[in-house]
Amino acid sequence: MNQKCCSVASVQMTLRDKITFFNTTISPHVINPDRFRKIRNLLEQRQPDLTLVMDNVNKPHNLAAIIRSCDAAGIGTLHAISTTSSIRKKQKTAAGANRWTQLQLHDSLPQLLRTLRNDGMQLLAADYNSRSVDFRSVDYTQPTALIMGAEKFGPSDTSLELADQCIHIPMHGMVESLNVSVAAALILFEAERQRKTAGLYDTPSLTATELHDKLFELSYPAISEKLRMLGRPYPSLRDDGSFEEPAEE
């Protein structure tokens, strides 16, 4: 059957047939129930008003480590800006390596920071200077975007100019700074500590629709992709992760 015939025939197919047609088979128990509940618990603790901006961070091991720390602290979306194509390539590679967090790449740092501020976030740049304060003195229960600068150079002048506050990690030895991924982890887990104490991980912050859609996409990545191609909504999920096929249109 040629491609044109397949396209016409698919119009008459049920949802199950369509997904099978695209080489994806629906099963009522595709995902292990324990894994499903773990993914749901992850999403129920996501902090959409906490994020991180990587200002030209470019070493692959630092990119990967920061993304892992963000995931562990409950951050679902973080951001990266680059000034060269080589840095953008490394960031793009890192963006596709972790399915649990979304790394968004941006072309304009001022536009990104203004957007985050317009969303109600305080902008905190990790940098030791005359106006910086101990990172533990900041209230991270407020909507927050943490800006981490490039290795050796720190945040760019644009980040420092647009930041609401600069923060630093007190040092008591000969070294003047920590590795960027280590510094990010320390600050993120101070934010996690404060937020946990305030009970912000106890109640889902995502809307019911956001929670359902993200849960389906993480539980059934191949099926959700096919459903998007078909322009069909995701079916409702049972507590064990199984789902029923929607009625045929």
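In this predicted model, S82 is buried, with a relative accessible area of 12%. The residue sits in the loop that runs between strand β2 (77-81) and helix α5 (85-95). Its side chain is engaged in a polar contact with the side chain of R88, at 3.3 Å. Leaving aside residues up to four places away in sequence, S82 touches N56, I87, R88, Q91 and H106. R88 thus appears both among the residues that S82 touches and as the partner in the polar contact.

A second site worth a visit is L186, which belongs to helix α8 (residues 180-197). L186 has a relative accessible area of 39% and is therefore classed as partly exposed, since that class covers values between the 20% limit for buried residues and the 50% limit for exposed ones. Together with L178 and V182, L186 makes a nonpolar surface patch of about 220 Å².

Turning to the protein as a whole, the secondary structure consists of 10 helices and seven strands. The protein has 249 residues, of which 43% are buried, and S82 falls in the buried class. The accessible surface amounts to about 13600 Å², with carbon and sulfur atoms contributing 51% of that area. Contacts also reach across the sequence: when those between residues at least 6 apart are considered, 74% join residues at least 24 apart.

Definitions and conventions. Residues are numbered from 1 along each chain as its sequence is written. This is a predicted model: local features need pLDDT of at least 70, side-chain atom pairs count only at pLDDT 80 or more; totals for chains, interfaces and linings use all residues. Side-chain values use heavy atoms; hydrogens and water are left out. Patches are made of residues with over 30% relative accessible area and no salt bridge: like charges are joined within 9 Å, nonpolar side chains (Val, Leu, Ile, Met, Phe, Trp, Tyr) within 5 Å. Accessible areas come from the Shrake-Rupley method with a 1.4 Å probe; for residues, only the protein chains shown count as cover. A salt bridge is a side-chain nitrogen of Lys or Arg within 4 Å of a carboxyl oxygen of Asp or Glu. Helices (H or I, at least four residues) and strands (E, at least two) are DSSP runs, numbered from the N terminus. Buried means under 20% relative accessible area, exposed over 50%, partly exposed in between (1.4 Å probe, protein chains only). Contact means heavy atoms within 4.5 Å. A polar contact is a pair of N or O atoms within 3.5 Å; within protein, one must be able to donate a hydrogen and the other to accept it, and residues adjacent in sequence count only if both atoms are side-chain atoms.
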